[in-house]
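The following explanation leads from the overall make-up of the chain to its sheet, a hairpin and a group of charged side chains. The reader may wish to keep the structure in view throughout.

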Amino acid sequence: MKVYFHLFIGLLFAFILTGCFGEDYDVGVPTAHLNFDMSSVQLSEANISWNTASEDVQETIKDVEKYASSLNEIKVLPDQKVFLDFKENEENGGDIWTDPKITVALLKDDKRTELALDDSREFHFPTKKGNYVLEVEFINSAGSAQYVGNVVIE
């Protein structure tokens with residue numbers, strides 16, 4: 001009986017250890033996407049400061065508004081609802097982000113307007129028409145990532 005008990009403990013220990021080998025907790029910089037009713041648009045990375053055991057990414061763009069204005073336009077309607085989604089970095093996999101802090105803002109003429117983001121990462125664009133720079137910031141324990149888009153509210 002003692003032999004079976006030791007064998008059982010050994011097998012249990014082996015199963016516990018095998019669960020640790022296949023996991024990849026060292027995730028890279030996620031990609032940010034705006035999901036509309038029928039389409040999705042990936043936002044462009046701007047300022048990145050991301051450091052994990054397998055990846056160190058440092059990117060700096062001094063004039064974010066100028067950079068974003070050179071991107072393709074994302075046309076939206078006034079008060080349009082949008083879902084913000086983040087996808088795993090395909091190069092090293094995984095999507096384990098522990099309690100990220102996410103903020104969304106519109107920039108225009110050096111003015112910053114924060115947009116309310118609900119728990120399901122949905123927000124509404126304002127009703128005032130015009131050209132804006134959409135800025136999304138994603139901050140977690142691995143670092144921070146800023147994403148931008150050239151938004152036109154028609």
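**From the whole chain to a charged network**

Of the 154 residues that make up the chain, 39% count as buried. The model is a predicted one, and every value discussed here is computed from it. The chain exposes about 9,900 Å², of which carbon and sulfur atoms supply 54%. Contacts in the chain with a separation of 6 or more can also be sorted by distance along the sequence: residues 24 or more positions apart account for 66% of them.

The secondary structure consists of two helices and 11 strands. Followed along the sequence, these elements give the pattern α-β-β-β-β-α-β-β-β-β-β-β-β.

A convenient place to begin is the open sheet. Four strands form this sheet in the order E2-E1-E6-E9, and their pairing is antiparallel. Its edge strands are E2, covering residues 40-42, and E9, each of which pairs on one side only. From one strand to the next, the twist averages 30 degrees.

The pairings within this sheet can be followed residue by residue. Strand E1, residues 31-35, and strand E6, residues 81-87, are paired in the antiparallel sense over five bridges. Ala32 has Phe86 in E6 as its bridge partner, and Asn35 stands opposite Phe83 in E6. Strand E6 is also joined by three bridges to strand E9, residues 122-124, and these two strands run antiparallel. Here the bridge partner of Val82 is Phe123 in E9.

The next feature is a hairpin. Strand E7, residues 101-108, pairs with strand E8, residues 111-115, in the antiparallel sense, again over five bridges. Lys108 has Lys111 in E8 as its bridge partner. Two residues lie between the strands of this hairpin, and Asp109 takes a positive phi near 50 degrees there.

Strand E8 leads on to the charged side chains. The count of salt bridges comes to four, and several of them involve Arg112. One is formed by Arg112 with Glu114, where the closest N and O atoms are 2.9 Å apart. Arg112 is partly exposed, because its relative accessible area of 41% lies between the 20% limit for buried and the 50% limit for exposed residues. Glu114 is likewise classed as partly exposed, at a relative accessible area of 48%.

Arg112 also forms a salt bridge with Glu135, and the closest N and O atoms of this pair are 2.1 Å apart. Because Glu135 lies in strand E10 and Arg112 in strand E8, the pair ties together parts that are 23 residues apart in sequence. Is Glu135 buried or exposed? Its relative accessible area is 6%, so Glu135 is buried, the limit for that class being under 20%.

A further salt bridge connects Arg112 with Glu137, with the closest N and O atoms 3.8 Å apart. This pair, too, links distant parts of the chain, as Arg112 is in strand E8 and Glu137 is in strand E10, 25 residues apart. Glu137 has a relative accessible area of 28% and is therefore partly exposed. Through shared partners, the salt bridges join Arg112, Glu114, Glu135 and Glu137 into one network.

Strand E10 offers one more residue to examine. Asn140 lies in this strand, which covers residues 130-140. Asn140 counts as buried because its relative accessibility is 13%. The side chain of Asn140 reaches the backbone nitrogen of Ala142 at 2.9 Å.

Several views of the model may now be put together. The open sheet has the strand order E2-E1-E6-E9, while the hairpin is made of E7 and E8. Strand E8 holds Arg112 and strand E10 holds Glu135, so their salt bridge ties together parts of the chain 23 residues apart in sequence. The network that includes this pair also takes in Glu114 and Glu137.

Definitions and conventions. Residues numbered from 1 in each chain as written. Predicted model: local features only at pLDDT ≥ 70, side-chain atom pairs only at ≥ 80, totals over all residues. Heavy atoms only, no water. Pairing = 2+ DSSP bridges. Buried < 20%, exposed > 50% of the residue type's maximum accessible area, 1.4 Å probe, protein only. Polar contact = N/O pair within 3.5 Å; in protein donor to acceptor, adjacent residues only side chain to side chain. Axes fitted to C-alpha atoms, helices over the stretch in contact; angles between N-to-C directions. Contact = heavy atoms within 4.5 Å. Areas by Shrake-Rupley, 256 points an atom, 1.4 Å probe, with all protein chains shown as cover.
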